[in-house]
Amino acid sequence: METVYDFPSAAELREIEPVLLPNAEEGDPIFDEFPVEESDFDRVIWEQEDNYTGLQQVRGLEGEPRVVQRPGTKMYDMEPGVYGEFTEIGERELTQRRQIATWGEPVNIYDLVGRAQKFLLKRRYDRIRYIIWTLLTTGTFAIPQADGTILHADTFPLLTASSSVAWTTYATAVPYADFQAVQLLALGQSVDFGAGATAWMNRVTANALLRNANAADGFGRRMSNGATFNTLDDWNKWLEGNDLPQIRVYDRSYINDAGTATRFIPNGKVVVIGKRTNGAKLGAYRMTRNANNPNNEPGAYTRVIDHGERTIPRKIEVHDGHNGGPCIFYPGAIVILTAF
């Protein structure tokens, strides 16, 4: 008699996922800057108001006021990336998982499906991290299939700056002056690149900053208590006192299919995210409508497919996927600083 396997349905998986999502996002500040949202459209769409321009006109006593045109809006429309994959629970796991000395009784394999779901969820969120950080460190992203065909790509007009001296040239590098130069890029952007801004970099780049040996820049500077700079906290106190961006280290990485650990922020790249004067969010990662969800709902889908007697050896597939992509509402609020 056939053994019956008891596993969670697609609806149950969607109920379980909100419990797992906090673990996927927990402690990752990129999702504070670019929260994952759902949007009931088939494309990634957002609208942005044009900058306010001009100065109020003089009319004089008894003069007629003149009409001025209000700013318009721009609609941004991007084709979402369509992502999805599955992993298998194979014959060996199913055979060894069967309850001993039972025939035709359900075998609970929630734990096997749950492990598969967590694995796929981690890959989904690492893909989202990769897209966001690639965009923020280069201004563009392009995601290829296995054969190299690009299926999801876009470019945003982010601001850029380059260090006048590579930070790895410790004796003459000028990171403090570089942050001052970035601060000036706020002109006309309705954004603040002062102490309310954040300068994201990986550990390698941060270590280069800490090794600065230029007495005309960071080296030899002293705190109010007379102590020299020795830590990033010392740097941040000094930068804050001079209304410059605060340094944050983001050293997360992923392991690619070749087994190589790769940082999401490359060495030598600093992403300065400014603060909008009205406190508005700068962007998001939008998950759009998906036909693999009930009623074409937006968001990621999860599915368990048991091939039963249709295939030998028997296998159960656990699927995960989403349609979506990043949106940056204010590209002028982000500066890509190349430190080395």
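The following paragraphs describe two pockets, a mixed sheet and a helix in a predicted model.

The largest pocket encloses about 880 Å³ of space. Its lining comprises 26 residues, and those closest to the pocket centre are Tyr 83, Glu 85, Arg 123, Arg 127 and Asp 257. Several elements take part in this lining: strands S5 (81-89), S7 (140-144), S8 (150-155), S13 (253-255) and S19 (316-328), together with helix H4 (110-138), each supply at least two residues. The greatest contribution comes from H4, which provides eight residues. In terms of residue class, the lining of the largest pocket contains eleven nonpolar, seven polar and eight charged residues.

The second largest pocket has a volume of about 560 Å³. Here 24 residues form the lining, and Gln 48, Glu 49, Asn 51, Arg 276 and Tyr 330 are the ones nearest the centre of the pocket. At least two lining residues are supplied by each of strand S3 (44-49), strand S4 (73-78) and S8. Strand S8 likewise supplies at least two residues to the lining of the largest pocket. In the second largest pocket, S4 gives the most, with four residues. The lining of this pocket consists of ten nonpolar, eight polar and six charged residues.

Attention now turns to the sheet. Five strands, in the order S9-S20-S15-S11-S12, make up an open sheet with mixed pairing. Strand S9 (159-162) and strand S12 (246-249) lie at the edges; each has a single partner strand, and therefore one side of each has no neighbour in the sheet. From one strand to the next, the twist averages 25 degrees. Within this order, S20 and S15 stand next to each other. Strand S15 (residues 269-273) pairs with strand S20 (residues 334-338) in the antiparallel sense, and five bridges connect the two. Along this pairing, Val 270 is placed opposite Leu 337 of S20.

The last element considered is helix H5, which spans residues 175-183. Which residues of H5 are buried? They are Pro 175, Tyr 176, Asp 178, Phe 179 and Val 182, where buried denotes under 20% relative accessible area. When the helix is viewed down its axis, these buried residues fall within an arc of 160 degrees, so they line one face of H5.

Conventions
Residues numbered from 1 in each chain as written. Predicted model: local features only at pLDDT ≥ 70, side-chain atom pairs only at ≥ 80, totals over all residues. Heavy atoms only, no water. Buried < 20%, exposed > 50% of the residue type's maximum accessible area, 1.4 Å probe, protein only. Arc of directions from axis to C-beta. 1 Å grid on protein atoms, 1.4 Å probe; cavity = no way out; pocket = protein on both sides within 12 Å on 5 of 7 lines; lining within 4 Å. Points joined across faces, edges and corners; volume = space filled by probe spheres on them. Nonpolar A, V, L, I, M, F, W, Y, C, P; charged D, E, K, R; others polar. Pairing = 2+ DSSP bridges. Axes fitted to C-alpha atoms, helices over the stretch in contact; angles between N-to-C directions.
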